[in-house]
Number of protein chains: 2
Amino acid sequence: MTTLCQRPYRHALDRLRASGLRPTRQRLALAKLLFDGCDRHVTAESLHSEASTSDIQVSLATVYNTLHQFTEAGLLREIVVDAGRSYFDTNVSDHHHFFHERTGSLTDIPGAEVVVAQLPPAPAGTKIRRVDVIVRIQD
Amino acid sequence: MTTLCQRPYRHALDRLRASGLRPTRQRLALAKLLFDGCDRHVTAESLHSEASTSDIQVSLATVYNTLHQFTEAGLLREIVVDAGRSYFDTNVSDHHHFFHERTGSLTDIPGAEVVVAQLPPAPAGTKIRRVDVIVRIQD
DNA sequence: GTGATTGCAAATCTTTTGCACTAAA
DNA sequence: TTTAGTGCAAAAGATTTGCAATCAC
């Protein structure tokens with residue numbers, strides 16, 4: 001199978017196994033939707049309705065649980081751009097985001113295209129876990 | 001009256017008047033809590049309980065409404081760091097934030113201490129409204 | 001089998017809204 | 001007065017949780 005996207009292809013089953021997640025029917029189906037194609041941004045709601053459209057039976061609660069399990073396993077990255085709605089990104093490499101405020105859509109900015117040139121040291125006793133840059137755009 | 005903080009002092013009443021907001025008892029009381037002192041970060045819940053402690057009677061709904069009205073008027077800035085909870089910052093000048101993930105606390109980073117050296121152009125037909133840099137820290 | 005996972009529905013939490021009441025101008 | 005603003009309680013979303021049923025191993 002080929003993909004049009006520049007992303008290391010890996011069978012959903014292998015991804016789950018490698019992450020120590022039991023490959024249940026629901027997890028496999030969601031993993032296929034998420035990873036068999038281009039990088040994408042989903043919300044629990046959007047993934048759930050996509051699953052429904054594809055005749056995959058998964059409850060919304062399981063979609064939430066699965067998204068968090070995938071995130072913990074490093075298969076997804078959670079992006080916080082909107083208080084009151086969680087986005088998940090299948091692209092877990094170092095990069096930032098455009099957030100279109102009217103439509104609520106996210107677009108990746110390749111890591112190399114944003115350079116945070118200076119950063120103050122983390123407060124005493126803490127360390128930097130991640131730096132998120134959100135470029136908020138509008139029409 | 002003096003303040004220990006380097007911030008242009010302005011009476012709460014004047015701020016409201018200048019913003020075209022009718023200075024009601026509730027708005028005045030909340031404005032005093034927010035602006036008579038150092039810059040701060042609040043959530044609706046935290047401001048509401050602070051008001052209660054100070055024997056200020058305001059409903060939570062009014063706190064929400066007021067925070068949004070202040071934000072629209074440019075007196076506050078909303079910071080999105082946590083899906084499911086809105087933070088508001090009394091510092092509306094150009095700056096970024098440390099977000100301590102365990103405690104949920106926000107700290108300002110002066111604008112000059114973070115330099116986003118490169119930015120790709122906004123997608124066609126859009127313009128950049130703001131660039132938010134969130135430095136997520138942990139113990 | 002047996003322990004992990006799921007579905008469902010209920011609970012929780014944050015935020016918004018409708019509307020009668022109150023207060024600022 | 002007159003109209004904006006408030007409080008309350010209910011509604012609305014998003015997310016989580018408890019628990020019996022189900023499934024992977």
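A residue is near a strand here if one of its heavy atoms lies within 4 Å of that strand. With that in hand, the contacts in this predicted model can be read off one partner at a time.

Take DNA strand D to start with. Of the 19 residues around DNA strand D, Y64(A), H68(A), T24(B), Q26(B) and T62(B) come nearest, a list that draws on both protein chains. What part of the strand does the protein touch? Of the DNA strand D atoms within 4 Å of the protein, 84% belong to sugar or phosphate, and bases make up the rest. A few individual contacts give that percentage some detail. An N or O atom in the side chain of T24(B) sits 2.5 Å from a phosphate oxygen of DNA strand D. S86(A) uses its backbone instead: one of its polar backbone atoms is 2.8 Å from a phosphate oxygen of the strand. G84(A) also offers a polar backbone atom, this time 3.5 Å from a sugar or linking oxygen of DNA strand D.

Which elements build this surface? At least two residues each come from α4 (60–72) and β3 (85–89) of chain A, and from α2 (25–35) and α4 (60–72) of chain B. The top contributor is α4(A), with five residues. Sorted by class, the surface near DNA strand D holds nine polar, six nonpolar and four charged residues.

Now for DNA strand C. This strand is surrounded by 19 residues, and the closest are T24(A), Q26(A), T62(A), Y64(B) and S86(B). Sugar and phosphate make up 80% of the DNA strand C atoms that come within 4 Å of the protein. The side chain of Y64(B) brings an N or O atom to 2.3 Å from a phosphate oxygen of DNA strand C. A polar backbone atom of S59(A) is 3.3 Å from a phosphate oxygen of the strand, while G84(B) places a backbone N or O atom 3.4 Å from a sugar or linking oxygen. The elements giving two or more residues to the surface near DNA strand C are α2 (25–35) and α4 of chain A, plus α4 and β3 of chain B. Here α4(B) gives the most, with five residues. By class, the surface near DNA strand C divides into nine polar, six nonpolar and four charged residues.

Next come the two protein chains and how they meet. How many residues does each chain put into the contact? Chain A brings 39 residues and chain B brings 38. Together the chains bury about 3,200 Å², and carbon and sulfur atoms give 59% of that area. On the chain A side, V80(A), R129(A) and R136(A) supply 19% of the area that chain A buries against chain B, more than any other three residues.

R129(A) turns up again among the charged pairs. It forms a salt bridge with E101(B), where the closest N and O atoms are 2.5 Å apart. Across the interface of chain A and chain B there are four salt bridges, and 14 residue pairs are in polar contact, with both residues at pLDDT 80 or more. The elements of chain A that give two or more residues to this side are β2 (77–82), β3, β4 (95–100), β6 (115–118) and β7 (127–138). Among these, β7(A) gives the most, with 12 residues. The side of chain A that touches chain B has 21 nonpolar, 11 charged and seven polar residues.

That strand also pairs across the interface. β7(A) runs antiparallel to β7 (residues 127–138) of chain B, and 11 bridges join the two. Within this pairing, V131(A) stands opposite V135(B).

Finally, a look at the chains themselves. Chain A has four helices and seven strands, which follow the order α-α-β-α-α-β-β-β-β-β-β from the N terminus. Its C-alpha atoms fill a box of roughly 45 × 40 × 30 Å along the principal axes. In chain B, three strands form an open sheet in the order β1-β3-β2, with antiparallel pairing. β1 (41–42) and β2 (77–82) of chain B each have a single partner strand, so one side of each is left without a neighbour in the sheet. Two bridges hold the antiparallel pair of β1(B) and β3 (residues 85–89) of chain B, and H41(B) stands opposite D89(B) there.

How values were computed:
Residues numbered from 1 in each chain as written. Chains lettered and ligands numbered in written order. Predicted model: local features only at pLDDT ≥ 70, side-chain atom pairs only at ≥ 80, totals over all residues. Heavy atoms only, no water. Polar contact = N/O pair within 3.5 Å; in protein donor to acceptor, adjacent residues only side chain to side chain. Nonpolar A, V, L, I, M, F, W, Y, C, P; charged D, E, K, R; others polar. Contact = heavy atoms within 4.5 Å. Buried area = accessible area lost by both parts, 1.4 Å probe. Salt bridge = Lys/Arg side-chain N within 4 Å of Asp/Glu carboxyl O. Pairing = 2+ DSSP bridges.
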